[in-house]
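Below is a short exchange about how the labels given to a structure follow from their definitions.

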Amino acid sequence: MPRDAFTLADAREPTIEIVCQPCGRRGSYNVERLIAKYGPDVKLPDLKAILADCEKTRSFSIYDRCKVRFVRSYEP
Ligand SMILES: [Zn+2]
């Protein structure tokens, strides 16, 4: 299978932080704990949506979709 996204196992830092400005959401997560919960193969873009737990991540309109992003880039 081609690797089209980085996974938790690729995160180079002990914690990852997400922020969603429109929702006022911000969080910091321990990577080891995330791996224990979701597994090392979870893709970072998917994880972002899971962590944000924002209604707008499931919005059908791309203009109304959640703007959650990682505070820093965790990709190698
Ligand atoms: Zn959001």
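Q: Why does Cys23 count as partly exposed?
A: In this predicted model, whose local features need pLDDT of at least 70, whose side-chain atom pairs count only at pLDDT 80 or more, and whose totals for chains, interfaces and linings use all residues, Cys23 has 37% relative accessibility. Buried means under 20% relative accessible area, exposed over 50%, and partly exposed in between (1.4 Å probe, protein chains only), so at 37% Cys23 counts as partly exposed. Residues are numbered from 1 along each chain as its sequence is written, and side-chain values use heavy atoms, with hydrogens and water left out.

Q: Why is Cys54 counted as buried or exposed?
A: Cys54 has 8% relative accessibility and therefore counts as buried.

Q: What makes cysteines the protein donors of the zinc ion?
A: Donors are N, O and S atoms within 2.8 Å of the metal (3.2 Å for Na, K and Ca), and because water is not among the atoms, sites may look incomplete. The SG atoms of Cys20, Cys23, Cys54 and Cys66 lie 2.1 to 2.5 Å from the zinc ion, and these donors follow the spacing C-x2-C-x30-C-x11-C along the chain.

Q: Why is the arrangement around the zinc ion called square planar?
A: Four donors count as square planar if opposite donors are over 155 degrees apart and all others between 65 and 115, whereas tetrahedral requires all angles between 85 and 135 degrees, and anything else is irregular (six donors count as octahedral under the square planar limits). The four donor atoms subtend angles of 83 to 172°, which makes the arrangement square planar.
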